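I opened a fresh page today to get to know a new structure. Here are my notes, in the order I looked things up.

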Amino acid sequence: MTPCSPEGPARERGRRGCGDVSAFDIGGTKIASGFVTLPDENSAHADCGRKPRVEAQCEIPTEASRGGDDIRERLTAFASRQLARARDEGAVIRGIGIAAAGVPDSRTGVIVSATDILPGWRGQRIYDAFAKVTDLPVHMVGDVGAHGLGEAGYGAGRGHGIVLSIGVGTGIGGAIVVDGTLFSGAHGVAGHAGHVPSGLGRGFLCSCGTREGHIEPVASGTGLKDLYNARCDAEEGEPVADGSQVAARAAAGEPLAVGVIEDSARALGECIGGMGNLIDPDVIVVSGSVVKAGPLWWNALRAGFEDSALQLVRSAPLVEGELGGAAPLIGAAVAVRRHVAQG
Ligand SMILES: [Zn+2]
């Protein structure tokens, strides 16, 4: 991905004209952007193809410590540069899609909840800020929800009506997509897959503040590290710095690491089975850095899922996401396209 200079990123756009969205993915460490062209089944443009195109991807650092006001201002300045760039190249941008960290209110454009990872992000009025720089329609959803929309529409969940998307990275998140629409719940909180109970998590501090036993603090990438180091202290071994080191040690056959990967993935699989029993999805898509931990992790995840899921739910495929880091940008484009279509 290309870092964006203040003067604007390197130009690399090619085809144009199928209804582009300028998409943004606001995370704890970086704000990514790209022009997304979604396939349009009714389009006369033969070059649209059937896969979304994400072009001119670039990013700026979030610099979260500078506070929410600063992030908002640099986000809209970034958006202005991207729109100017599109204009220069003759592209037709029809909307702006935003995948935002925290819990955004898609209707009002206000960030209603955010963790300490983004101090001052809560309360930011994103639609109001964009209204000062563009007349285009702007629509914002949560980043994990956007990821789910992307995978459901054009990734591993395409063609399925009910998609449960689980992201396992630094934290754990989830999204429920029903017939192409994000199910967000009464408070915009639906899909918080990291905060379902697991006995393995008892005593580990969750990002939501509980120590009573949520799955995230023992099954995210950070969780793998913390679970390993907790057991490592007891056995006086060498601690690890992150989850990928646990996976590497497990791949090298270290028994402690193998046990951590198996226990963590099995517990997460059990939780996913429970979520499956509640939702009865057509497919379950699992994405994020931790899914690269290898067959040991996947086998334990599937074993936990099979133990926990009801027989009919077990028939739902449990598959790896296909879109990688572009998923939230594609999902944000899906969200704004639907928003525009609904008027
Ligand atoms: Zn929690």
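I began with a definition: I call a residue buried under 20% relative accessible area, exposed over 50%, and partly exposed in between (1.4 Å probe, protein chains only). This is a predicted model, in which local features need pLDDT of at least 70, side-chain atom pairs count only at pLDDT 80 or more, and totals for chains, interfaces and linings use all residues. Residues are numbered from 1 along each chain as its sequence is written, and side-chain values use heavy atoms, with hydrogens and water left out.

**Entry 1: two loop residues**

I looked up D179 with that definition in hand. D179 counts as exposed, because its relative accessibility is 57%. I found D179 in the loop between β10 (172–178) and β11 (181–183). Helices (H or I, at least four residues) and strands (E, at least two) are DSSP runs, numbered from the N terminus. The phi of D179 is near 50°, which is a positive value in a residue other than glycine.

I then turned to E63, in the loop between β4 (53–61) and α1 (68–88). Its phi is positive too, near 50°, and E63 is not a glycine. E63 has a relative accessible area of 35%, so I noted it as partly exposed.

**Entry 2: two buried residues**

Is V246 buried or exposed? V246 is buried, because its relative accessibility is 0%. V246 sits in helix α6 (residues 243–251). I listed what V246 touches, leaving out residues up to four places away in sequence: L224, K225, Y228, V240, A257, V260 and I261. Contact here means heavy atoms within 4.5 Å. For V246 and Y228 I also noted the C-alpha to C-alpha distance, 7.1 Å, with their positions 18 residues apart in sequence.

Next came S220, in the loop between α4 (216–219) and α5 (221–235). S220 has a relative accessible area of 2%, so it is buried. Leaving out residues up to four places away in sequence, S220 touches V168, G169, T170, G171, I172 and V290. S220 and G243 are 23 residues apart in sequence, and their C-alpha atoms are 8.0 Å apart.

**Entry 3: the two domains**

Which residues belong to domain 1 and domain 2? I wrote down 2–152 + 326–341 for domain 1 and 159–321 for domain 2. These bounds come from an automatic or database domain assignment. The domain centres, taken over C-alpha atoms, are 28 Å apart. Ten residues from domain 1 and 17 residues from domain 2 take part in the contact.

**Entry 4: the whole chain**

I stepped back to the full chain and noted ten helices and 13 strands. The C-alpha trace spans about 60 × 45 × 40 Å along its principal axes. The radius of gyration is 20 Å, which agrees with the value near 20 Å for a compact globule of 343 residues. That radius is taken over C-alpha atoms, and the globule rule is 2.2 Å times the number of residues to the power 0.38.

Buried residues make up 50% of the 343 residues. Among contacts with a separation of 6 or more, 65% are between residues 24 or more positions apart.

My last lookup was charge: the chain has 31 positive and 40 negative side chains, with the centres of the two sets 6 Å apart. Lys and Arg count as positive and Asp and Glu as negative, while His and the chain ends are not counted. Each charge is placed at NZ of Lys, CZ of Arg, CG of Asp or CD of Glu.
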